[in-house]
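Here is a short report on one structure. Read it with the coordinates open.

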Amino acid sequence: MLVLGALVVALVGGCSAVPAQPSGSPAPAPTATAAVTHSERPQVEPAPTRTPAPAEIWDVDSAESLQVVVNKRRPMDPADFAPELVTVSTGNEDGAEVVRPEVDAALTALDAAMRAAIGEGTFVTSSYRSYDLQATYYRQAVARFGQQGADTTSARPGHSEHQTGLAIDLMSTSMQCRLAHCFGDTEAGRWIAAHAWEHGFVVRYPEGSDAVTGYAWEPWHLRYVGPEVSSAMHEQGIATLEEFFRLPPAPDYDS
Ligand SMILES: [Zn+2]
């Protein structure tokens, strides 16, 4: 009992608290007592492990992050953010469409894959839009449809994913069903829906996700998020960035 008590004191104090053997005395051989001590050593509880939420792994807040999430509840920050841009290398409107360099590289690969698969290339009809250009588009939409109508199709300035330089409106070189829902039923639209993820893109506003994304189905609007996120979303069968990053749905503006 006495021996056990001493051992417990030594253990509580940690290894350095074990009194040193007097010099000259032999090192203690492993004994049954030592074995008992080991088995009675207080079990250290493993630190509770918690799987970090995707929004903690990826930077969904910084305007320059490839995984930034912009929607009706998450405006661009800063509102006038302008990224580094390059001209789109593949087919595009007036040869004047611009995107982040990462997007152009991925789009070039997607274009090549689509040409090889269905014999049609990609054609970008809209890409980066500055805060001011989006403000103009939104004003025009409000004048035409009223604010409520405008909010279902056109983003308010500072809330458009196009301002990130990571979003493109994509047609095929045949220009079939330009910016129309029937694009989703064309061979190109179906191919893009099935294969965009292989190149780091997601169809940002999928069919039936209005309550989450705040927008009706847009089979032409692709968002670059990088292959790690697009592959994970594909593997997990998750349709929207809000659900993947476990962010609140953004069906409408706060005010
Ligand atoms: Zn778009």
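Asp-254 sits in the segment after helix H9 (241-244). In this predicted model, Asp-254 has a relative accessibility of 61%. That is over 50%, so Asp-254 counts as exposed. Its partner is Arg-73, 181 residues away along the chain. The two C-alpha atoms are separated by 6.5 Å. The side chains of Asp-254 and Arg-73 make a polar contact of 3.1 Å.

**Asp-151**

A second aspartate, Asp-151, belongs to helix H5. Is Asp-151 buried or exposed? Its relative accessible area is 11%. The cut-off for burial is under 20%, so Asp-151 is buried. Its side chain has a polar contact with the side chain of Tyr-138, at 2.7 Å. Another polar contact, at 2.9 Å, joins the side chains of Asp-151 and Arg-156. Set aside neighbours within four places in sequence, and Asp-151 is in contact with Lys-72, Tyr-138, Arg-156, Gly-214, Tyr-215 and Tyr-253.

The side-chain polar contacts described so far are tabulated here.

| Side chain | Partner side chain | Polar contact |
|---|---|---|
| Asp-254 | Arg-73 | 3.1 Å |
| Asp-151 | Tyr-138 | 2.7 Å |
| Asp-151 | Arg-156 | 2.9 Å |

**Zinc site**

Which protein atoms are donors of the zinc ion? They are NE2 of His-162, OD of Asp-169 and ND1 of His-221. These donors lie 2.1 Å from the zinc ion. Along the chain, their spacing reads H-x6-D-x51-H.

Accessibility can be stated for two of these residues. His-162 has a relative accessible area of 4%. Asp-169 has a relative accessibility of 6%. Burial means under 20%, so His-162 is buried, and Asp-169 counts as buried for that reason too.

**Largest pocket**

Asp-169 also appears in the lining of the largest pocket. This pocket holds about 770 Å³ of space. Its lining has 32 residues. Which of them lie nearest the centre? They are Arg-129, Tyr-137, Thr-153, Ser-154 and Asp-169. Asp-169 is therefore both a zinc donor and one of the lining residues nearest the pocket centre.

Strand E3 (122-126) and helix H5 (131-153) each supply at least two residues of this lining. Helix H5 gives the most, with nine residues. H5 is also the helix that holds Asp-151. By class, the lining of the largest pocket splits into 12 nonpolar, 13 polar and seven charged residues.

**Backbone features**

Three backbone features deserve a check before any modelling of the loops.

The peptide bond from Asp-77 to Pro-78 is cis. Its omega is near 5 degrees. Pro-78 lies in the loop between helix H3 (54-57) and strand E1 (86-87).

Which loop holds Met-175? It is the loop between strand E4 (167-172) and helix H6 (187-195). Phi of Met-175 is near 60 degrees. That is a positive value in a residue other than glycine. Met-175 has a relative accessible area of 27%. This falls between the 20% and 50% cut-offs, so Met-175 is partly exposed.

Cys-177 is found in the loop between E4 and H6 as well. Its phi is near 55 degrees, again a positive value in a residue other than glycine.

Definitions and conventions. Residues are numbered from 1 along each chain as its sequence is written. This is a predicted model: local features need pLDDT of at least 70, side-chain atom pairs count only at pLDDT 80 or more; totals for chains, interfaces and linings use all residues. Side-chain values use heavy atoms; hydrogens and water are left out. On a 1 Å grid over the protein atoms alone, a cavity is a set of points where a 1.4 Å probe fits but cannot get out, and a pocket is an open set with protein on both sides within 12 Å along at least five of seven lines; lining residues have an atom within 4 Å of a point. Grid points are joined across faces, edges and corners, and a volume is the space filled by probe spheres set on the points. Helices (H or I, at least four residues) and strands (E, at least two) are DSSP runs, numbered from the N terminus. Ala, Val, Leu, Ile, Met, Phe, Trp, Tyr, Cys and Pro count as nonpolar, Asp, Glu, Lys and Arg as charged, and the others, Gly among them, as polar. Donors are N, O and S atoms within 2.8 Å of the metal (3.2 Å for Na, K and Ca); water is not among the atoms, so sites may look incomplete. Buried means under 20% relative accessible area, exposed over 50%, partly exposed in between (1.4 Å probe, protein chains only). A polar contact is a pair of N or O atoms within 3.5 Å; within protein, one must be able to donate a hydrogen and the other to accept it, and residues adjacent in sequence count only if both atoms are side-chain atoms. Contact means heavy atoms within 4.5 Å.
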